[in-house]
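Reader: I am new to this structure and would love a close look at one part of it. Could you walk me through some aromatic rings and the helix that carries one of them?

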Amino acid sequence: MLRSHGVFMNKLLRAFVQIATLKLGPEDLPASGFLLGLVTAAYLLTGAASVAFYTSSAGEAALQLAVDLCLTFGFFTLLLVLYRKAHRLLQTLTALLGTGVLLSLIALPLTAWLQALDMSAAEGAPIPAVGIYLIVLWSIAVTGHILHRALEIPFVGGLVIGVAYFVLNLATFAKLFPAEA
């Protein structure tokens, strides 16, 4: 029984890596509410680890995670409904959250490194900061790829929507959680 779970998790991880490297699409994942729930839990765990670097309040961290998840589910659900592709919702959300988990796991050490640096001596800061920016750009490209496949639109169209979602996400968080001076 444990072996079959390990094989399943290994296949799932490989599928997310292949989606993140633009080789597979959300249609290559099973349409499973259970799988979406599993990936959502992993997304929240990696999100909690990321948010912990920026807030010391558990309540604010939980609120930020809730806003992020609601924005993700709301935006992409509306998008798929508008494109009349609601039947692809489970797979699309699973692909978005699963690749989000992967990219967050890659970004976490860079975020820790950046936070550990003494900002008054910013000599080492460009390395992790550039790494984080590259991961953000990669994330937008992955979102564009997922939307390209889910909505059956050109990659450029998916990329434009991915950028729009990124800007919406940034604006929402800037408004709801302004940076302290």
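Author: **A cluster of rings**

Phe76 is buried, with a relative accessibility of 2% (buried means under 20% relative accessible area, exposed over 50% and partly exposed in between, using a 1.4 Å probe and protein chains only). A word on the source: this is a predicted model, where local features need pLDDT of at least 70, side-chain atom pairs count only at pLDDT 80 or more, and totals for chains, interfaces and linings use all residues. Residues are numbered from 1 along each chain as its sequence is written, and side-chain values use heavy atoms, leaving out hydrogens and water.

Phe75 is partly exposed at 22%, while Tyr165 is buried at 10%. Rings of Phe, Tyr and Trp (its six-membered ring) pair if their centres lie within 6.5 Å; planes under 30 degrees apart are stacked, over 60 edge-to-face and the rest tilted. By this rule there are four aromatic pairs. In one of them, Phe75 and Phe76 meet edge-to-face, at 5.0 Å centre to centre and 85 degrees between planes. Phe75 also pairs with Tyr165: their centres are 5.0 Å apart and their planes at 50 degrees, so this pair is tilted. Because Phe75 lies in helix α3 (residues 58-82) and Tyr165 in helix α6 (residues 155-176), the pair ties together parts 90 residues apart in sequence. Helices here are DSSP runs (H or I, at least four residues), numbered from the N terminus. Phe75, Phe76 and Tyr165 form one aromatic cluster.

Now to α6 itself. Its buried residues are Gly158, Ile161, Gly162, Tyr165, Asn169, Thr172 and Phe173. They cover an arc of only 105 degrees around the axis (taken from the directions from the helix axis to the C-beta atoms), which puts them on the same side of α6. On the other side of α6, Val156, Val160, Ala174 and Lys175 are exposed.

How values were computed:
Helices (H or I, at least four residues) and strands (E, at least two) are DSSP runs, numbered from the N terminus.
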